Amino acid sequence: MYCRNCGREIANNAAVCVTCGVAVGQGANFCNNCGAATVPNAAVCTKCGVALAQPIVGEQKSKLTAGLLGIFLGGFGVHNFYLGYTGKAVAQIVLTFCFGIGAIWGFVEGILILAGSINKDANGVPLKD
């Protein structure tokens, strides 16, 4: 295995690269499989053809927090505000106050978040466990 930050070979069970100190799996300059330099934003390594992990852009939000917000405050769209889906959150508020059905929608989404069916925020960043 190779460091994605500096390209040096590292042990398979290492938590950090002893050369540069970066955590294993972090960085996007080198292929994790062969250690070759990668092209910025490339989907695969041009040397070995292995898919390159795309860097996470933005802060990961908690799946547990989003799910519980959906279950308990889903009618007010709080979980969708938390995940960045502002338009959907406003629609849930309107449906809750006008028709009383936004709470059911929020409850179901809360369950789906906890079950893993909804697993990304509005920016496409995966939710953390």
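Ala, Val, Leu, Ile, Met, Phe, Trp, Tyr, Cys and Pro count as nonpolar, Asp, Glu, Lys and Arg as charged, and the others, Gly among them, as polar. The structure is a predicted model, in which local features need pLDDT of at least 70 and side-chain atom pairs count only at pLDDT 80 or more, while totals for chains, interfaces and linings use all residues. Residues are numbered from 1 along each chain as its sequence is written, and side-chain values use heavy atoms, with hydrogens and water left out.

A search of the whole structure finds one cavity of 30 Å³ or more (a cavity being a set of points, on a 1 Å grid over the protein atoms alone, where a 1.4 Å probe fits but cannot get out). The volume of the largest cavity, taken as the space filled by probe spheres set on the points, is about 30 Å³. Its lining residues (those with an atom within 4 Å of a point) are Tyr2, Cys3, Arg4, Ile10, Cys17, Ala23, Val24, Gly25, Gln26 and Asn32. Six of the lining residues are nonpolar, three polar and one charged.

Helices (DSSP runs of H or I, at least four residues, numbered from the N terminus) also pack against one another. Helix H1 (residues 63-73) meets helix H4 (residues 102-115) at an angle of about 160°, with the axes 7 Å apart; angles run from 0 to 180 degrees between N-to-C directions, and axes are lines fitted to C-alpha atoms over the stretch in contact. H1 is therefore roughly antiparallel to H4 (an angle over 145 degrees). The contact of H1 with H4 (heavy atoms within 4.5 Å) comprises seven nonpolar, four polar and one charged residues.

Helix H3 (residues 86-98) packs on H4 at about 135°, with axes 7 Å apart. H3 and H4 are therefore oblique to each other (not under 35, over 145 or from 65 to 115 degrees).

Methods. Helices (H or I, at least four residues) and strands (E, at least two) are DSSP runs, numbered from the N terminus. On a 1 Å grid over the protein atoms alone, a cavity is a set of points where a 1.4 Å probe fits but cannot get out, and a pocket is an open set with protein on both sides within 12 Å along at least five of seven lines; lining residues have an atom within 4 Å of a point.
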